[in-house]
Amino acid sequence: MSEKKTNDIIEEQRKARQEFINLKKMQQGEMYAGPKPSETATVLKTPWQKFQNFWSYSKWVVLSAIAITVLIAVMVVQCATRPVYDLKVVYFTYTPVLDDQTTAISDYIAEYTEDVNGDGEVNIQVVNCSVSQESSNITMRNATLQKLQAMIVAEENALLFITDEDSAAYFDGLSDEVGGFFEETEVKLGEDFYAATENETLGRLSEELTLSCRRVVGTVIEGKEDIVAYRNAAVNVIKNIIEAQSNN
């Protein structure tokens, strides 16, 4: 065995004996053993140290709480600023239109509509359900027809429909009531309508459009709250437009 290796063994034995002696002294109280692990916690003196410690352990809780608070605030603002529509108008033709054109339609219809909900404003929403029969996008076409069906079943204030001759035939099989899906009160939209809704880029809407009110009696929406008020308002819109056209 080399001399270096022998010296290393002797040194290790010496350290072991010294550690044993120190341990005995600490057990007998002759030597300070040092603080317990629980007593070695750092005392946070400055606000910044306290903040760092808090952030280290709680940052994800704080960030989650902030995210939830912001989300709730956004939802509240959206609900508070969302307009309450007096009536909804379903635009269903086989000639697709863009939302810019339906916005112009809503402005036109609003001129002939009363404040149904009593909020001091007249807000009309035109729901674009136009679809091309020649489109190869079957998924989009089916989605549009599903939206139309949902409006018919669930929206009690969606009583006014704008159709052309071809699209009006779609509703023939949707009602067993005598007289069909629509009431007799309807109006062929005139030149004032087409002039008011003409778009500089997109041009005029397709001709021969009709504004009709759907029948309420015997349908799924007959028992809806305020359905009478909505129906009367829808019929009055048609009557007001007829009167305005007769005066032109």
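Me: At what relative accessibility does E207 sit in this model?

Reply: Keep in mind that this is a predicted model. Buried would need under 20% and exposed would need over 50%. E207 counts as partly exposed, so its value falls in between. The computed figure is 44%.

Me: Which residues end up in one network with E207 through shared salt-bridge partners?

Reply: Start with R204, whose side chain meets that of E207 in a salt bridge at 3.7 Å, N to O. R204 also forms a salt bridge with E198, with the closest N and O atoms 3.8 Å apart. Salt bridges that share partners bring in one more residue, and the residues joined with E207 are E191, E198 and R204.

Me: How many salt bridges turn up in a search of the whole structure?

Reply: Side chains of opposite charge can pair when their charged atoms come close. One such pair here is E198 with R204, and another is R204 with E207. For the whole structure, the search gives five.

Me: E155 and K88 also meet in a salt bridge, but how many residues apart in sequence are the parts it ties together?

Reply: The side chains of E155 and K88 come to 3.1 Å, N to O. E155 lies in the loop between α4 (138-154) and β3, while K88 is in strand β1, so the pair ties together parts separated in sequence by 67 residues.

Me: Is K88 buried or exposed?

Reply: The cut-off for buried is under 20% relative accessible area. K88 has 14% relative accessibility, so K88 falls below that limit. Its partner E155, at 24%, counts as partly exposed. K88 counts as buried.

Me: On β1, which residues share a side with L87?

Reply: In a regular strand the side chains alternate between the two faces of the sheet. Strand β1 covers residues 87-91, and five of its five residues are buried. K88 and V90 are on one side of β1, and on the other side L87 is joined by V89 and Y91.

Me: Which residue in β3 is the bridge partner of V90?

Reply: β1 has parallel neighbours: five bridges join β1 to β2 (residues 124-128), and three bridges join β1 to β3 (residues 160-163). On the β2 side, V89 stands opposite V126. In β3, V90 pairs with F161.

Me: Which helix makes a right-handed β-α-β unit with β1 and β2?

Reply: Along the sequence, the chain follows the pattern α-α-β-α-β-α-β-α-β-α-β-α. β1 and β2 run parallel. The helix that completes the right-handed unit with these strands spans residues 99-110 and is α3.

Me: Which element supplies the largest share of the largest nonpolar core?

Reply: In soluble globular proteins, nonpolar side chains tend to be buried together. The largest core here has 32 residues, and I109, L160 and L211 have the most contacts inside it. Several elements each supply at least two residues of this core, among them β1, α3 and β5 (210-214). The largest share, nine residues, comes from α7.

Me: What relative accessible area does W60 have?

Reply: W60 is found in helix α2 (residues 47-81). With W48, F51, F54, W55, L63, I66 and V70, W60 forms a nonpolar patch on the surface, about 880 Å² of accessible area together. Exposed means over 50%. W60 counts as exposed because its value is 62%.

Notes: Residues numbered from 1 in each chain as written. Predicted model: local features only at pLDDT ≥ 70, side-chain atom pairs only at ≥ 80, totals over all residues. Heavy atoms only, no water. Buried < 20%, exposed > 50% of the residue type's maximum accessible area, 1.4 Å probe, protein only. Helix = DSSP H or I, 4+ residues; strand = E, 2+ residues; numbered from the N terminus. Pairing = 2+ DSSP bridges. Right-handed = clockwise from strand over helix to strand, strands pointing away. Patch = residues over 30% accessible without salt bridge, like charges linked within 9 Å, V, L, I, M, F, W, Y side chains within 5 Å. Areas by Shrake-Rupley, 256 points an atom, 1.4 Å probe, with all protein chains shown as cover. Salt bridge = Lys/Arg side-chain N within 4 Å of Asp/Glu carboxyl O. Core = buried A, V, L, I, M, F, W, Y, C linked by side-chain atoms within 4.5 Å.
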